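Here are a few worked exercises for you to try with the viewer open. Have a go at each task before reading its solution.

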Amino acid sequence: MTVLRIAFVSIKPGVGKSTSGIFLCKSLQEIGLDPLLADGDKGASCLGWMQDAGGLGFPVIGQAITTMHRSLPGLEAGRGAVVVDAPQLEDHEAIARSALVYADVWIFPLAPGGMEVRRTMLQLRKKLDEARDMREQLGRPRDPMCEMVLMTRTNRPYATKTGPDAEFREALTGKGFRVMNTVIAFNDDLYRQAYGFEVDTTGTTYPAAAKEIIAEWERAQA
């Protein structure tokens, strides 16, 4: 079985990247994919969460290294998915690039805001092109199977047709980014209070996000 390889990558912290990695892994586990979560951030947020919770029901390993694209394939045995919580590109570019080289699915968590669109366009595009170059040099397909923006901290738990969230989606789409239909609504209490406990996806849209990612990944392989 082909392993679903996902990397969560962002330019800066604070967009829900680590939280998304953990909740997505739980959702993938509920589907039956037996995920492995690789914590590539030197802050070790995911590892800390696992340790404080006494386990999350799926393994979390430290991979804050610039060679994870070489080390992770050897850890895939028995796993249906590997999810990488990559560090922010602005501070740990080499580690994040390694995650992009490894993964077949690139997910960019992004909170709505005009400045976010600008930073994404000015910085993320360039960094992604550099990762594509490295993939090509290493004999991997230049492009991942799919890459999508996951809107986080939205005003509603669904994709709106009007308002700030819709305008943000339109701006990203107009710049050539594919934006996921599933969004992660702002619920600071739910996610902040989840830290240090085994994850419960009830009341979140992460199960829907997992299904959407899998559908896009399977479509790309068809």
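## Exercise 1: a salt bridge at helix 8

At 11% relative accessibility, E216 counts as buried. Keep in mind that the model you are working with is predicted.

**Task.** Find the side chain that E216 meets in a salt bridge, and place both residues in the chain.

**Solution.**
- Step 1: the side chain of E216 pairs with that of R178, at 2.7 Å from N to O.
- Step 2: E216 sits in helix 8 (residues 206-221), while R178 belongs to the loop between helix 6 (164-174) and strand 7, so the pair links distant parts of the chain, 38 residues apart.
- Step 3: compare R178 with the cut-offs, where buried is under 20% and exposed is over 50%. R178 has 47% relative accessibility and therefore counts as partly exposed.

## Exercise 2: two further salt bridges

**Task.** The structure holds 14 salt bridges. Work out which parts of the chain are tied together by the one between D85 and K17, then look at the one between R140 and D104.

**Solution.**
- Step 1: D85 and K17 meet through their side chains at 2.9 Å, N to O.
- Step 2: D85 is in strand 4 (residues 81-85) and K17 is in helix 1, so this pair ties together parts that are 68 residues apart in sequence.
- Step 3: both D85 and K17 are buried.
- Step 4: the side chains of R140 and D104 form a salt bridge of 2.8 Å, N to O.
- Step 5: R140 lies in the loop between helix 5 (114-137) and strand 6, and D104 in the loop between helix 4 and strand 5 (105-110), 36 residues apart.
- Step 6: R140 is partly exposed at 22% relative accessibility, whereas D104 is buried at 9%.

## Exercise 3: the surroundings of S98

**Task.** Is S98 buried or exposed, and which side chain does S98 join in a polar contact?

**Solution.**
- Step 1: locate S98 in helix 4 (residues 93-102).
- Step 2: its relative accessibility is 0%, so S98 counts as buried.
- Step 3: a polar contact of 2.7 Å joins the side chains of S98 and H69.
- Step 4: leaving out residues up to four places away in sequence, S98 touches I65, T66, T67, M68 and H69.

## Exercise 4: the largest pocket

**Task.** Which residues lining the largest pocket are the closest to its centre, and how does the lining divide by residue type?

**Solution.**
- Step 1: the largest pocket holds about 470 Å³ of space.
- Step 2: of its 22 lining residues, V15, G16, K17, T19 and Y191 are the closest to the centre.
- Step 3: the lining divides into 9 nonpolar, 8 polar and 5 charged residues.

Conventions: Residues are numbered from 1 along each chain as its sequence is written. This is a predicted model: local features need pLDDT of at least 70, side-chain atom pairs count only at pLDDT 80 or more; totals for chains, interfaces and linings use all residues. Side-chain values use heavy atoms; hydrogens and water are left out. Helices (H or I, at least four residues) and strands (E, at least two) are DSSP runs, numbered from the N terminus. Buried means under 20% relative accessible area, exposed over 50%, partly exposed in between (1.4 Å probe, protein chains only). A polar contact is a pair of N or O atoms within 3.5 Å; within protein, one must be able to donate a hydrogen and the other to accept it, and residues adjacent in sequence count only if both atoms are side-chain atoms. Contact means heavy atoms within 4.5 Å. On a 1 Å grid over the protein atoms alone, a cavity is a set of points where a 1.4 Å probe fits but cannot get out, and a pocket is an open set with protein on both sides within 12 Å along at least five of seven lines; lining residues have an atom within 4 Å of a point. Grid points are joined across faces, edges and corners, and a volume is the space filled by probe spheres set on the points. Ala, Val, Leu, Ile, Met, Phe, Trp, Tyr, Cys and Pro count as nonpolar, Asp, Glu, Lys and Arg as charged, and the others, Gly among them, as polar. A salt bridge is a side-chain nitrogen of Lys or Arg within 4 Å of a carboxyl oxygen of Asp or Glu.
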